Amino acid sequence: MANTREDEPRVNSEIRSPEILLIDEQNAKRGVVSIQEALKMAEAAELDLIEVAPQAKPPVCRIMNYGKFRFQQQKRDKDARKKQKNQVVKEIKMRPKIDLHDYEFKVKAIQTFLQAGHRVKVSIFFRGREMAFLDRGREVLKKVVAAVSEFGKVEMEPRMEGSYMRIMIAPAAETPVKKPEAAAEPKPRSEGSAAAPVKAQRVKKDVLPDADQI
């Protein structure tokens with residue numbers, strides 16, 4: 001079978017290396033063999049010799065059906081694209097002296113992004129003399145984490161990047177080890193639908209009252 005595209009693996013006589021590391025049709029490693037011997041084995045099995053790792057020294061080749069190989073490769077590529085799409089990073093920026101309305105609006109946006117499967121980078125921007133009050137930014141981030149704890153978990157602890165203090169929050173679905181704890185937490189608190197409003201009121205009460213922007 002001939003290869004007509006440069007981004008596809010070399011097959012059979014297209015393989016250029018005189019020696020290869022061979023994996024046979026039973027997925028067993030045969031060690032380093034000559035290309036002629038490998039081609040004879042593939043022909044005897046009525047299958048193809050496919051170069052699966054051309055950068056290796058020597059290249060790694062497998063004896064298998066080329067159509068099956070392409071199907072598996074396309075499936076892996078599709079799954080990788082789907083995973084990459086679901087891992088879009090959204091960024092929400094805040095100020096250390098954020099006002100209550102702006103805070104609530106942005107927390108709601110973070111919750112929406114997390115529920116949609118996106119990771120969220122929360123950034124606190126410090127301007128001028130605000131750099132002397134980094135604790136205020138940490139408090140804002142702490143409140144954000146508490147407010148979205150039902151939807152996500154902290155993936156990256158607060159750290160400074162220039163004038164920004166940032167954290168990364170991943171959707172709860174990406175942290176399966178801790179997910180049962182997050183699911184079990186609301187049960188003793190809510191027998192009906194009152195748990196969410198109570199939590200929202202607590203966040204409002206804790207928000208810093210200073211609404212001035214420096």
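In this predicted model, strand β1, which covers residues 19-23, runs parallel to strand β4, residues 60-64, and the two are paired over three bridges. One place to look for this pairing is L21, which stands opposite V60 in β4. On pairing with β2, strand β1 takes the antiparallel sense, and here there are five bridges, with I23 standing opposite K29 in β2. The two strands β1 and β2 make a hairpin with five residues between them, and in its turn N27 has a positive phi of about 65°.

These pairings belong to a wider arrangement, an open sheet of four strands that follow one another in the order β2-β1-β4-β3, with mixed pairing. At the edges lie β2 (29-34) and β3 (48-53), each of which pairs on one side only. If direction is ignored, neighbouring strands of this sheet are turned by 35° against each other on average.

Helix α1, made of residues 35-44, packs on this sheet and touches β1, β2, β3 and β4, while its direction makes about 125° with that of β2. Within helix α1 lies M41, and if residues up to four places away in sequence are not counted, M41 touches L22, R30 and I63. The distance from M41 to E25, two residues that are 16 apart in sequence, is 9.4 Å in space from C-alpha to C-alpha.

The next topic is the interior. In soluble globular proteins, nonpolar side chains tend to be buried together. In this model the largest nonpolar core has 19 residues, and those with the most contacts inside it are M94, I110, V122 and V144. The elements that give two or more residues to this core are the strands β5 (89-94), β6 (119-125) and β8 (164-171), together with the helices α3 (100-115) and α4 (134-147). There is also a second, separate core of eleven residues, which includes I15, L22, A38 and C61.

Two residues of the largest core can be followed in more detail. I110 is found in helix α3, and because its relative accessible area is 0%, under the 20% cut-off, I110 counts as buried. Leaving aside neighbours within four places in sequence, I110 is in contact with I92, M94, V120, V122, V144 and V148. One of these partners, V122, is twelve residues away along the chain, and the C-alpha atoms of I110 and V122 are separated by 8.5 Å. With its own neighbours within four places likewise left aside, V122 is in contact with I92, I110, L141, V144, M165, R166, I167 and I169.

The last topic is the aromatic rings, of which the structure holds two pairs. In one pair, the rings of F125 and Y164 have their centres 5.1 Å apart and their planes at 45°, so the pair is tilted, since that angle is neither under 30 degrees, as for stacked rings, nor over 60, as for edge-to-face ones. This pair links distant parts of the chain, as F125 lies in strand β6 and Y164 in strand β8, 39 residues apart. F125 is partly exposed because its relative accessible area is 25%, a value in between the cut-offs of 20% for buried and 50% for exposed. Y164 has a further partner in R166, which lies over the face of Y164 at 4.4 Å from the ring centre. R166 was met above among the contacts of V122.

Notes: Residues are numbered from 1 along each chain as its sequence is written. This is a predicted model: local features need pLDDT of at least 70, side-chain atom pairs count only at pLDDT 80 or more; totals for chains, interfaces and linings use all residues. Side-chain values use heavy atoms; hydrogens and water are left out. Two strands pair if DSSP finds at least two bridges between them. Axes are lines fitted to C-alpha atoms, for helices over the stretch in contact, and angles run from 0 to 180 degrees between N-to-C directions. Contact means heavy atoms within 4.5 Å. A nonpolar core is a set of buried Ala, Val, Leu, Ile, Met, Phe, Trp, Tyr and Cys residues joined through side-chain atoms within 4.5 Å. Buried means under 20% relative accessible area, exposed over 50%, partly exposed in between (1.4 Å probe, protein chains only). Rings of Phe, Tyr and Trp (its six-membered ring) pair if their centres lie within 6.5 Å; planes under 30 degrees apart count as stacked, over 60 as edge-to-face and the rest as tilted. A charge sits over a ring if NZ of Lys or CZ of Arg is within 6 Å of the ring centre and within 35 degrees of the ring normal.
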